[in-house]
Amino acid sequence: MSAVNLLGEDLFLWNEYRTGNADAFGALIRVHYSDLFHYGTRFTRDAELVKDCLQDLFLELWINRETISETSFVKYYLLKALRRKLTRKIGRSRYTGSWEELHFESLFSGSYPVENNAIREEGLPELTKKMRHAVSGLSKRQQEVVYLRYYVDADIEEIAEIMSVNRQSVYNLLHESLKKLKKLSGKASRFFLFLPLI
């Protein structure tokens, strides 16, 4: 299913949920639960806390369904809501999750000019290891912005909304992150050269 179709399905389910359609709400949860849970575990290693926050989030959404606003991007609305809940629970400066545990293999699914040569010369496991090491050298906010941009596929405005910062801050975080990743990743930096900021 194309991204456009998925977006249309999301909007349909969201609007149906807002009218009190429990089946549509259940479908929304099934579609987004995995991504939300994975994002939540970037902030804390306490999986039960993430599950509790998700349960609270879905309960509040259902109770307040008649006053919940429309949104063009359901996934990012949910990510922001979960992020807000988690930061209230654990405190903004006490993230304990591990952004290093990202599945970098998925980044190689696209067709980048450097991809085949880099993988052929070093192999995917070695590149993945170097990329994980590079990401561990980023600040938590830099790691989050990389995660949202390249794993959640959020654009600049969506990232700004999720993280409650302005667009320029997102650009700055991405620019500094990619610059640092290229410096820290050795040969893997040839891959990072082709990651777009927008």
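**Group meeting: a look at a helical protein**

Let's start just after helix α4. Gly-91 sits there, and its phi is positive, at about 85°. Keep in mind that this is a predicted model.

Now step back into α4 itself. This helix covers residues 74–90, which is 17 residues. From its first C-alpha to its last, α4 reaches 24 Å. That is close to the 24 Å expected at 1.5 Å a residue.

How many of the residues of α4 are buried? The count is 12 of 17, so by the cut-off of under 20% relative accessible area, α4 is mostly covered. Several leucines are on the list: Leu-78, Leu-79, Leu-82 and Leu-86. The buried set also includes Lys-80, Arg-83 and Lys-85. Val-74 and Ile-90 are buried too.

Hold on to Leu-86, please. Its C-alpha is separated by 8.5 Å from the C-alpha of Thr-44. Along the chain, those two residues are 42 residues apart.

So where is Thr-44? Look in the loop between α2 (22–40) and α3 (47–63). Is Thr-44 buried or exposed? Its relative accessibility is 4%, so Thr-44 counts as buried. The side chain of Thr-44 also has a partner: it reaches the backbone nitrogen of Asp-46 at 3.0 Å.

Next, helix α9. It runs over residues 167–184, and that makes 18 residues. End to end, first C-alpha to last, α9 reaches 26 Å, close to the 26 Å expected at 1.5 Å a residue. Which residues of α9 are buried? They are Val-170, Leu-173, Leu-174, Ser-177, Leu-178 and Leu-181. Look down the axis of α9: the buried residues fall within an arc of 125°, so they line one face of the helix. Why does such spacing work? An α-helix has 3.6 residues a turn, so residues three or four places apart point the same way.

One detail at the start of α9. There, a side-chain oxygen of Asn-166 comes to within 3.2 Å of the backbone nitrogen of Gln-168.

Finally, the whole protein. It has 10 helices and zero strands. Of its 198 residues, 44% are buried. Now take contacts between residues at least 6 apart in sequence: 72% of them join residues at least 24 apart. And the surface? The protein exposes about 10700 Å², with carbon and sulfur atoms supplying 51% of that.

Conventions
Residues are numbered from 1 along each chain as its sequence is written. This is a predicted model: local features need pLDDT of at least 70, side-chain atom pairs count only at pLDDT 80 or more; totals for chains, interfaces and linings use all residues. Side-chain values use heavy atoms; hydrogens and water are left out. Helices (H or I, at least four residues) and strands (E, at least two) are DSSP runs, numbered from the N terminus. Buried means under 20% relative accessible area, exposed over 50%, partly exposed in between (1.4 Å probe, protein chains only). A polar contact is a pair of N or O atoms within 3.5 Å; within protein, one must be able to donate a hydrogen and the other to accept it, and residues adjacent in sequence count only if both atoms are side-chain atoms. The expected span of a helix is 1.5 Å times one less than its number of residues. Contact means heavy atoms within 4.5 Å. Accessible areas come from the Shrake-Rupley method with a 1.4 Å probe; for residues, only the protein chains shown count as cover. The arc is that of the directions from the helix axis to the C-beta atoms.
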